[in-house]
Amino acid sequence: GEVNNFGVGSSETQELAVGKAGFDFRYKVGDHSQFTQSVVFRGGSENHSIDSSTGFKVDIDDHFAVKLTHDIAYVSDEPEGAEDTDTTTMVSLEYSF
C-alpha cells in the first residue's frame, strides 16, 4: 500500500518594531563648492545603526568636480570580534553631462 507521512510543526514569527529617521544637509560655500552632511538612523527593539556621510565638493569647471567624502557606519549588534564602526574616506573625480 501507499504510506503518507505528515508532520506537524510550528514556527515562531517574531515581530519587531523598526524606525528610520535622517536628514540631508547641503550648504553652498561660494560659487564653486558645496558642503554636504547626511545622517540616517535605523532602530528597532533588537539593534540600531547610524550611517553618516560628510562631503566637500569643489567644481573644477562646468563638467568636472573633485569630491572628498568621509563615511561612518555604526551597527550596535555586530558579531563578536567584529568592529561596530566602519569608516571610509574617498577622493573622487566627478563628471557632469
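Is Ser-45 buried or exposed? Select Ser-45: the residue is exposed, with a relative accessible area of 53%. The cut-offs are under 20% relative accessible area for buried and over 50% for exposed, with partly exposed in between (1.4 Å probe, protein chains only).

Before going on, note that this is a predicted model, in which local features need pLDDT of at least 70, side-chain atom pairs count only at pLDDT 80 or more, and totals for chains, interfaces and linings use all residues. Residues are numbered from 1 along each chain as its sequence is written, and side-chain values use heavy atoms, with hydrogens and water left out.

**Stop 1: the loop.** Ser-45 sits in the loop between β2 and β3. Now add Ala-17. The two are 28 residues apart in sequence, yet 6.1 Å apart in space, C-alpha to C-alpha.

**Stop 2: two hairpins.** Select residues 33-44 for strand β2 and 48-59 for strand β3. Strands here are DSSP runs (E, at least two residues), numbered from the N terminus. β2 and β3 pair in the antiparallel sense over 11 bridges; pairing requires that DSSP find at least two bridges between the strands. They form a hairpin with 3 residues between them. Look for Gln-34, which stands opposite Lys-57 in β3.

Extend the selection to residues 64-75, strand β4. β3 and β4 run antiparallel and are joined by 11 bridges. This hairpin has 4 residues between its strands. Val-58 stands opposite Val-66 in β4.

**Stop 3: Thr-36.** Go back to strand β2 and pick Thr-36. At 11% relative accessibility, Thr-36 counts as buried. Show its contacts (heavy atoms within 4.5 Å). Leaving aside neighbours within four places in sequence, they are Phe-25, Arg-26, Ser-53, Thr-54, Gly-55 and Lys-67.

**Stop 4: the rings.** How many aromatic pairs does a search of the whole structure find? There are 3. Rings of Phe, Tyr and Trp (its six-membered ring) pair if their centres lie within 6.5 Å; planes under 30 degrees apart count as stacked, over 60 as edge-to-face and the rest as tilted.

Select Phe-25 and Phe-35. Their pair is edge-to-face, 6.4 Å centre to centre with 65° between the planes. Phe-25 lies in strand β1 (residues 18-28) and Phe-35 in strand β2, so the pair ties together parts that are 10 residues apart in sequence. Phe-25 is partly exposed at 40%, and Phe-35 is partly exposed at 28%.

Move to Tyr-95 and Phe-97. This pair is edge-to-face too: 5.3 Å centre to centre, 90° between the planes. Tyr-95 is partly exposed at 44%, whereas Phe-97 is exposed at 92%. Finally, add Phe-64: ring pairs link Phe-64, Tyr-95 and Phe-97 into a cluster.
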